[in-house]
Amino acid sequence: MNFDALFNAQLDALKEEGNYRYFAELERKCGKFPLCSNHVDGEQRDVTVWCSNDYLGMGQNQMVIDAMCEAVKRTGTGAGGTRNISGTNHDHLLLEAELADLHNKEAALLFTSGYVSNWAALSTLGSRLENCVILSDAGNHASMIEGIRHSRADKVLWKHNDVADLEAKLQALPANVPKIVAFESVYSMDGDIAPIRDIVEVAEKYGAMTYLDEVHGVGLYGPRGGGVAEQEGLMDRITLIEGTLGKAFGVVGGYITGSAALCDFIRSFASGFIFTTALPPAVAAAAKASIAHLKQSDTERMKQREQVKKLRDGLDRAGIPHMMNDSHIVPVMIKDPVKTKMLADYLMDEWGIYVQPINYPTVPKGTERLRFTPSPLHSDEDIAHLLRALTTLWKQCAIAHAVA
């Protein structure tokens, strides 16, 4: 059997639909974010990145860089294996204490990525709690969906951010079964924010555990960067808060926080923790420095919000449709996969602007978009240049303007 032919047939279908993923070859420049080098045909050119999840530019923060370099010189480059076999590094424990403090929890547990922390935690909870039912928001991330699927627990979908539907689904379940309400704070594609207080109150009413994914909220919201739950004064009422080190904190890795018993339970039974090589100690040291800085500095958060507002106001003046939300994510709606890719290519080739087209299956068909994430390091001129480019291309490509 010609397996390559089978692979290529499905890849060709993706290309015909306009949903094939092309990756730009980029090289980040230390200290120059959001500028980076784009490698094309053996040559390099500078482009401005407009879709990074390094939301605050902390991956370029000199203090974070220094912390990582110091730790590399002190500990070497790797962790040496899993924490079970090679031992837990001191830097891991320091970071877990920092994270527990960030979310006002008893304990925290590190994972190699936010995807793994969601997958491992939800699959372990769902499989180890007898007769468990997981109620999952319909907009949840793929990592949460995969974790729930792998758990083989009963799953109940509730309409996205619809608390009335959640309550109806909870009410229909037997009172004596363990229930987990799993949802996100900031949804990364639409940028909408969950009604966390209402969700928590309904979950409490029916004795359900709450599982909150804060990956697009940590570092960005709350007086110390604890996320939307901290901003709303709700961290103590949420059973498990999951987050990432790879977005606003500018490094890599994922984590969960909760009671000491909960974290020990996941540590003891989650294959995604037990059998995975641990984060390098230098990564943990850099993440700890980033978190500690953002706990006491609001400068980066305030500047980011200022730049987000400037971009939104400029899009409104130009009549370019963007999805309204209360977060830092600015989705510009195209609603056609071929046009979305075409616009992204024009922006890169003609204007030196890099933004990745967002197509199916990341978003539903007919909602294709360009997703912009202004940072505190994008200058006013960067924003003006982007607006000039979008305004010009909107006219050239005959894309519909927003209705005033």
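Here are four short exercises, with worked solutions, on a predicted model.

**Exercise 1: a helix and its neighbours**

Work out how the span of helix 4 compares with the expected one, and which parts of the structure its buried residues pack against.

*Solution.*
- Step 1: Find helix 4 at residues 90-102, which makes 13 residues.
- Step 2: Go from the first C-alpha to the last and you cover 19 Å, close to the 18 Å expected at 1.5 Å a residue.
- Step 3: Pick out the buried residues of helix 4: D91, H92, L95, E96, E98, L99, A100 and L102.
- Step 4: Look at what those buried residues pack against: helix 2 (62-75), helix 3 (83-86), strand 4 (107-111), strand 10 (254-258) and helix 12 (281-296).
- Step 5: Peek just past the end of helix 4, where N104 takes a positive phi of about 55°.

**Exercise 2: a strand with two sides**

For strand 14, decide whether its faces are covered or not, then find the strands it pairs with.

*Solution.*
- Step 1: Start with a handy rule: side chains in a regular strand alternate between the two faces of the sheet.
- Step 2: Apply that to strand 14 (residues 369-372): R369 and R371 sit on one side, L370 and F372 on the other.
- Step 3: Check burial. These four residues of strand 14 are all buried, so both faces are covered.
- Step 4: Now the partners. Strand 11 (residues 330-333) pairs with strand 14 in the antiparallel sense over four bridges, and V332 has L370 as its bridge partner.
- Step 5: Strand 13 (residues 357-358) also runs antiparallel to strand 14, joined by two bridges. Here I358 is matched with R369.

**Exercise 3: rings and charges**

Classify the ring pair Y20 and Y22, and find a charge lying over one of its rings.

*Solution.*
- Step 1: The structure holds four aromatic pairs. In the pair Y20 and Y22, the ring centres are 4.7 Å apart and the planes meet at 75°.
- Step 2: An angle over 60 degrees counts as edge-to-face, so that's what this pair is.
- Step 3: Y20 has a relative accessible area of 28% and Y22 has 45%. Partly exposed means between 20% and 50%, so Y20 fits, and so does Y22.
- Step 4: Over the face of Y22 lies K341, at 4.5 Å from the ring centre. Elsewhere, R128 lies over the face of F269, at 3.8 Å from the ring centre.

**Exercise 4: one tryptophan**

Is W394 buried or exposed, and how far is W394 from G319?

*Solution.*
- Step 1: Find W394 in helix 15 (residues 380-396).
- Step 2: Its relative accessibility is 1%, so W394 counts as buried.
- Step 3: W394 and G319 are 75 residues apart in sequence, yet 9.7 Å apart in space, C-alpha to C-alpha.

Notes:
Residues numbered from 1 in each chain as written. Predicted model: local features only at pLDDT ≥ 70, side-chain atom pairs only at ≥ 80, totals over all residues. Heavy atoms only, no water. Expected span 1.5 Å × (residues − 1). Buried < 20%, exposed > 50% of the residue type's maximum accessible area, 1.4 Å probe, protein only. Contact = heavy atoms within 4.5 Å. Pairing = 2+ DSSP bridges. Phe/Tyr/Trp six-rings, centres within 6.5 Å; stacked < 30°, edge-to-face > 60°. Lys NZ or Arg CZ within 6 Å of the ring centre and 35° of its normal.
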